[in-house]
Amino acid sequence: MIVTIDGVAASGKSSVSSGVARALGVPYVSSGLLYRAATLLGLEAGLDLHGAAKLLAHLQAHPLRLEPLAGGNRVWQGERELTGGLHSTRVDAGVSVVAALPDVRGWVDAQLRALPAPFVAEGRDMGTTVFPQAQAKFYLTASPRIRAQRRASERPEDVPAIEAALVRRDLLDRVQSAPAPDAVVIDTGPLTLDGVIQTVLAQLPQRTPSA
Ligand SMILES: Nc1ncnc2c1ncn2[C@@H]1O[C@H](COP(=O)(O)OP(=O)(O)OP(=O)(O)O)[C@@H](O)[C@H]1O
Ligand SMILES: Nc1ccn([C@@H]2O[C@H](COP(=O)(O)O)[C@@H](O)[C@H]2O)c(=O)n1
């Protein structure tokens with residue numbers, strides 16, 4: 001079974017996917033981490049993030065590996081773990097530019113489609129483009145202010161600055177961020193994290209032991 005959980009920035013996709021994946025006993029797959037890792041490598045190499053050819057060549061020369069686990073995903077470049085540096089303000093600021101490059105999207109999609117199911121996949125276009133065949137699809141929303149307040153404990157900036165950055169990222173990501181027509185849209189604003197997880201679990205199709 002493949003479950004997709006898409007949504008706007010900081011809407012709770014990773015936390016909800018992790019909770020749902022744990023309940024199902026399967027891994028979750030964070031597509032955003034691959035875009036973040038590509039961005040970090042580009043920044044470290046001093047590349048122009050708008051330049052697809054050089055960035056893709058750099059990624060192919062320094063392959064990344066996503067390790068999907070139910071509790072949290074990790075990203076590796078050879079023996080070097082990149083995970084800890086992927087949620088910085090500078091990666092937040094550059095990642096949407098990298099994610100707009102069709103060649104980079106193709107590179108990420110190929111890695112995701114090579115993963116063995118079952119899993120919960122989270123991102124922006126999991127239910128529309130990457131896994132349109134998924135058995136259950138969800139799309140998370142919440143107001144920018146609520147998302148910024150939730151994120152405030154994870155970033156050095158204040159709530160208005162975090163909110164402005166989230167709104168900017170939503171705008172830059174809007175092309176790939178539409179909900180699938182068959183996705184269940186959940187406004188997480190009035191719900192606790194566990195409330196969102198239970199809402200998702202309650203809507204999953206009945207599972208058979210081999211599914
Ligand atoms: N329903 C909720 N109620 C309260 N806090 C929540 C809820 N959902 C998520 N959070 C908190 O909001 C923050 C952002 O959640 P999370 O990182 O899962 O979002 P995300 O959509 O994966 O973010 P990004 O798009 O930046 O990767 C985390 O601190 C998380 O614990
Ligand atoms: N399916 C996806 C997932 C992510 N992106 C881009 O990566 C950025 C970071 O993703 P988070 O899930 O960690 O927020 C996001 O802002 C998008 O630019 C994407 O395009 N498609």
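Begin by selecting glutamine 176, which sits in the loop between helix 8 and strand 8 (184-187), where helices are DSSP runs of H or I with at least four residues and strands are E runs of at least two, both numbered from the N terminus. The model is a predicted one, in which local features need pLDDT of at least 70 and side-chain atom pairs count only at pLDDT 80 or more, while totals for chains, interfaces and linings use all residues. Residues are numbered from 1 along each chain as its sequence is written, chains are lettered from A and ligands numbered from 1 in the order in which they are written, and side-chain values use heavy atoms, with hydrogens and water left out.

Is glutamine 176 buried or exposed? Its relative accessibility is 13%, and therefore it counts as buried, a term that means under 20% relative accessible area, with exposed over 50% and partly exposed in between (1.4 Å probe, protein chains only). Show next the residues that glutamine 176 touches, leaving out those up to four places away in sequence: Ala99, Arg105, Arg124 and Asp125, contact here being heavy atoms within 4.5 Å.

Move now to helix 7 (residues 144-151) and pick out Arg147, Ala148 and Arg151, which are buried. Viewed down the axis of helix 7, the buried residues fall within an arc of 100 degrees, so they line one face of the helix; the arc is that of the directions from the helix axis to the C-beta atoms. An α-helix has 3.6 residues a turn, so residues three or four places apart point the same way. Add helix 8 (159-172) to the selection, since this helix is included in what covers the buried residues of helix 7.

For the next stop, select glycine 71, in the loop between strand 3 (64-67) and strand 4 (74-77). Apart from neighbours within four places in sequence, glycine 71 is in contact with Ser18, Arg22 and Tyr28. If glycine 127 is selected as well, the two glycines are found 56 residues apart in sequence and 22 Å apart in space, C-alpha to C-alpha.

Finally, display the whole chain, which has nine helices and eight strands. Its C-alpha atoms fill a box of roughly 50 × 40 × 30 Å along the principal axes, and buried residues make up 48% of the 211 residues. Of the contacts between residues at least 6 apart in sequence, 74% join residues at least 24 apart.
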